[in-house]
Amino acid sequence: MISPAAAYRNLLLFVLPALAVYLVFAVLPLATSIVMSFFQTSGASGRTFVGLANYERLFTHPTISARFWNALLNNIQYFAIHLIVEVPVGLLLAALLTSGKLARSEGIYRTLLFIPATLSVVIVGFVWRLIINPLWGLVGFPLLGTESTALTTISLMSVWQYFGIPMVFLYSALLAVPNELVEAAKIDGASGWTTFWKIKFPLIAPQFGLIAILTYIWTFNGFDLVFALNGSAPGPNYSTDILGTYFYRTFFGSSGQLADLDLGAAVATVIFLTVLLVTAAYFWLIQRRLKSYSV
Amino acid sequence: MSAPDRISDLAIPAARRRQDREPWPVERIIVHALLILFVLLAIGPVLIVIINSLKTTPAIFGGPFDLPTAKTFSLEGYKRVFTRGNFIVNYLNSLIVTVTTIVLTMVLSTLAAFALVEYRVRLASLLGGLFVLGIMLPIRLGTIPLIQMMLAWRLMDTLAALILVYTAMSVPIAVTLMVTYFRTVPTDLKEAARMDGASELRTFWIVLPLVRPGLAAVAALTMLPVWNDLWFPLILAPSRQNQTVTLGVQQFVGQFMNDYPALLAALTLGAVPLVLLFTLFSRQFISGLSKGYSK
């Protein structure tokens, strides 16, 4: 047996390299961002503590705050479209893949269906812009060029790319449903439909919470597809601006807007809190309840 | 791609195998028809890019959904990508960044996960929890301090900056995933090794072959987000000689807006390696995805 002292020493030695990289390049920058958001950098004279001034500017300055609320609302819509479309599609495909009627082709379907999720957003954005290009005649209407349809269009492109992820989560959960339960239902004369909704579905229900929270985190960190399609001031008229592009513009600057690192840090902190609060609430409230029901 | 492509640790139910021999009932046809529909939706756009990259410009717009014929076939796009673009350098950069990140992540996370499972002191569960939290950590929000760090350490605009950040980004899920694999290693084996006087590092080395499937899952899971990321290459390594494929293609798309054969060729070249790798490792990827996030 290893003595407790030796166990502590070994643990630290083995964990330290991974922990150091993780702390220095992931945790520390985030923490520094939060600290930065309370300061103002002014030329060579260095930093001064300004309290909540950056936040005040973010929430009340006429143009800065208008763009921020716009990006936040767009981001909520971006998330909602992902959730509403991806989950039913993922569930349908996972159910089809595990329906027991596929034999050998199951793996082929699964791999092909996941291919969009392996593409880079540059390709996704380009190919869909090409397909819905009015020149090609599939859609005779500028979906991306119209304020009222642009965000939904981009969201659906992203859904097309990532529907494989909820599919895989639900597929793995369905495969893990004990076969005896399904067989027993069959013997009792239950149809495939009844077996799915009465037996399999309740068992995979916790997955929906996980999918929702991961989709939330990923969409609130969204940037790539919007940037690839519309650049850092995503139009028309900022109608496709989300928090990621707003954040990028704040610290990187864009035409008509100077780069502002301190304000950028405040934006990062607000996004972080938005993600953190919802995630924490989810784990405390929903996950705990789901866990207590599952055997 | 058939038999070995399944998730191996979940057996195929006997009932399912029996069904293979039945004739084609209506239900089975519907399942296949629906899946084929979704597969077409998933890979159709990708095929459009590949097919049109092999055609002349008039043919691309004359019949975007036609296969190339002897008359319309052209490799001009590919030629122009290699003469005007920066593709060889982009590929090398992506390869260096992705492979180094994968290797570093595998080494660091395996060492850490071994210790977290092995030394069951209180600190171990605390550290384990810290890594689990990291899965949810939106690392991009720490970008501003990361820029300042990289500037201070003279790592700005280097591949090393990308590798460090990506390793930090991949380590939490990799550690969490490897912990689940190390849990399955029988204690007897480790005790026997220690009885023979093996050091802790030697014991680690002895059990390592048993967690090989975990290493494959970590590699598969790390590869995609790193290769396809647009955010950090744009910010931490934007210069021409340090661009990764994703950023290179993005800039190429911006520069050669009207040269469709070249654009489509660039997009094809950017996508093909990952799609192929994913097809080969889809089983590891899918089991990694569902195991890693279901914490």
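**Chain A, elements.** I began with the secondary structure of chain A in this predicted model and counted 12 helices and 2 strands. Read from the N terminus, the order is α-β-β-α-α-α-α-α-α-α-α-α-α-α. The C-alpha atoms of chain A occupy a box of roughly 80 × 75 × 30 Å along the principal axes. I noted 295 residues in chain A, of which 44% are buried. For contacts in chain A with a separation of 6 or more, I found that 66% are between residues 24 or more positions apart.

**Chain A, confidence.** I looked up the pLDDT next. Chain A has a mean of 89, and 95% of its residues reach 70 or more. Within chain A, helix α3 (residues 62–97) has the highest confidence, at 95. The lowest is in helix α12 (residues 261–293) of chain A, with a mean of 85.

**Chain A, domains.** The assignment splits chain A into domain 1 (4–49) and domain 2 (53–293). I find 30 Å between the C-alpha centres of the two domains of chain A. Contact between them involves 8 residues of domain 1 of chain A and 9 residues of domain 2 of chain A. On the domain 1 side, α1 (4–36) and β1 (39–41) of chain A each supply at least two residues. The most come from α1(A), which gives 4 residues. By class, I list 4 nonpolar, 4 polar and no charged residues on this side of domain 1 of chain A.

**Chain B, elements.** I repeated the count for chain B and got 14 helices and 0 strands. The order from the N terminus is accordingly written α-α-α-α-α-α-α-α-α-α-α-α-α-α. The C-alpha box of chain B is roughly 75 × 70 × 30 Å along the principal axes. Of the 295 residues in chain B, 45% are buried. Taking contacts in chain B between residues at least 6 apart in sequence, I see that 78% join residues at least 24 apart.

**Chain B, domains.** Here the division is into domain 1 (3–74) and domain 2 (86–293). The C-alpha centres of these two domains of chain B are 30 Å apart. I find 11 residues of domain 1 of chain B in contact with 10 residues of domain 2 of chain B. On the domain 1 side, the elements giving two or more residues are α2 (26–53) and α3 (57–62) of chain B. The largest contribution is that of α2(B), with 4 residues. I class this side of domain 1 of chain B as 4 nonpolar, 5 polar and 2 charged residues.

**Between the chains.** What does each chain bring to the contact between A and B? I get 72 residues of chain A in contact with 80 residues of chain B. On the chain A side, α1(A) gives the most, with 19 residues. That side of chain A consists of 54 nonpolar, 14 polar and 4 charged residues. α1(A) is thus an entry I have met twice, since it also gives the most to the side of domain 1 of chain A that touches domain 2 of chain A.

**Nonpolar core.** The largest nonpolar core has 164 residues. Those with the most contacts inside the core are B:Ala112, B:Leu162, B:Val165, B:Ala168 and B:Met178. Helix α8 (residues 159–182) of chain B provides the largest share of this core, 18 residues. I took B:Met178 as an example and set aside its neighbours within four places in sequence. The remaining contacts of B:Met178 are B:Ser109, B:Thr110, B:Ala113, B:Val211, B:Gly214 and B:Val218.

**Positive phi.** I then checked the backbone for exceptions, because most residues other than glycine have a negative phi. A:Asn237 has a positive phi of about 50°. A:Asn237 sits in the loop between α10 (224–230) and α11 (243–252) of chain A. Is A:Asn237 buried or exposed? A:Asn237 is exposed, because only residues with 12 or fewer other C-beta atoms within 10 Å count as such and A:Asn237 has 11.

In chain B, I noted B:Arg154, whose phi is near 55°, again positive in a residue other than glycine. B:Arg154 lies in the loop between α7 (143–152) and α8 of chain B. B:Arg154 counts as exposed because it has 10 C-beta neighbours inside 10 Å.

Conventions:
Residues are numbered from 1 along each chain as its sequence is written. Chains are lettered from A and ligands numbered from 1 in the order in which they are written. This is a predicted model: local features need pLDDT of at least 70, side-chain atom pairs count only at pLDDT 80 or more; totals for chains, interfaces and linings use all residues. Domain bounds come from an automatic or database domain assignment. Two residues are in contact if their C-beta atoms, placed from the backbone, lie within 7 Å. Ala, Val, Leu, Ile, Met, Phe, Trp, Tyr, Cys and Pro count as nonpolar, Asp, Glu, Lys and Arg as charged, and the others, Gly among them, as polar. A residue is buried if 20 or more other C-beta atoms lie within 10 Å of its own, exposed if 12 or fewer, and partly exposed in between; C-beta atoms are placed from the backbone. A nonpolar core is a set of buried Ala, Val, Leu, Ile, Met, Phe, Trp, Tyr and Cys residues joined through C-beta atoms within 7 Å. pLDDT is the predictor's confidence in each residue, from 0 to 100.
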